[in-house]
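Reader: Please take one part of this structure and go through it closely. I would like the geometric criteria stated along with the description.

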Amino acid sequence: MKDNFSDVEQRVKRYWYTDGIGELAGGGLFLLIGLYFAGHEWSSSNSLVRTLLDSSLVLLLIGGAYATRWLVNILKTRLTYPRTGYVDYGTSRKDTSSGRFLTGAIAVGVSMLLVILGKFVGSFDWLPSFTGLLFGIILMTVIARVSGLGRFFLLGGFCIILGLALSFSGLPTDYSLALLYGLTGLASMLSGGIVLLRYLRENPILADAERQNER
Amino acid sequence: MSDDLRIVTELDRLIHEPARLLIVTILSSVASADFLYLQRETGLTKGNLSAHLSKLEEAGYVQIEKTFKGKLPLTVCKLTTSGQKALKAYRQQLQSFMKMTG
């Protein structure tokens, strides 16, 4: 039995990532964003497809985030909770509103920085390396640190290297972004898929009778 | 009696028991968790976990509710405000003791 408070707390937080479902669903969303940029690159500038794509990015991001959350919830309810138990991480109302404000402020700040840098440099060739670096930092400093899982360090490192490589590849920006999001999504899905398969193999579902004996 | 020994005698015995301490520490990190998760994390048997939860519930430290997540029946446990305060006080007492003796 562990007696270290922070060890126990980290183990509890790590449980969210134990089944790989989050990576699988998040990777799927990244893959869709990658396809969006690929479609943007391949469609001609005045076509209907381009107009539809231009007007649907916000919908894709917001709708995709909600769909991902819904999918994760469904999969965890069917696969994880009957096997290893249910945990509601929840957040207080205060934490949620301050968190949302902080996320919004960072998003606005980063967007403004991107526009200023774009005007200053005169091109967006650096955008893939910037995006890769941003994902890498988030994966390594937030998710890997909170969960204590090494696979997120690897995924973060992959994002940074891929972003840098694409920036120096000479490919059009949209195409580079399509590859960055698409390959990051595939790597995340692969990692999540392997983790999920191992999780399902190691944790057979409990019989109903066994669950009924609780308390 | 010396101050450091007095702190030990003043510790909340309900929380000081290792299995219950683990249960409340787990519950303090989340909004709620179900019986199966607590059983797996603590390594306790069903009967043992049930007995410890009953004691914590009687003391008003833990709230237990039978509910459903979709079609899945769950026994969900949640640390009450009183339980959070008790754990916080316990940790502070333990830290004071460690400072005095360390």
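Author: What follows concerns one helix pair in chain B, and then the contact between the chains.

This is a predicted model, in which local features need pLDDT of at least 70 and side-chain atom pairs count only at pLDDT 80 or more, while totals for chains, interfaces and linings use all residues. Residues are numbered from 1 along each chain as its sequence is written, and chains are lettered from A in the order in which they are written.

In chain B, helix α3 (residues 18–28) packs on helix α5 (residues 46–58) at about 70 degrees, the axes being 10 Å apart. Helices here are DSSP runs (H or I, at least four residues; strands are E, at least two), numbered from the N terminus. Axes are lines fitted to C-alpha atoms, for helices over the stretch in contact, and angles run from 0 to 180 degrees between N-to-C directions. The angle therefore makes α3(B) roughly perpendicular to α5(B) (65 to 115 degrees).

From α3(B), B:Ala19, B:Arg20, B:Ile23 and B:Val24 meet B:His52, B:Lys55 and B:Leu56 of α5(B); contact requires C-beta atoms, placed from the backbone, within 7 Å. By class, this contact has 4 nonpolar, 1 polar and 2 charged residues (Ala, Val, Leu, Ile, Met, Phe, Trp, Tyr, Cys and Pro are nonpolar; Asp, Glu, Lys and Arg charged; the others, Gly among them, polar).

Between the chains, 20 residues of chain A are in contact with 24 residues of chain B. On the chain A side, α1(A) gives the most, with 5 residues.

Key. Angles under 35 degrees count as roughly parallel, over 145 as roughly antiparallel, 65 to 115 as roughly perpendicular and the rest as oblique. Two residues are in contact if their C-beta atoms, placed from the backbone, lie within 7 Å.
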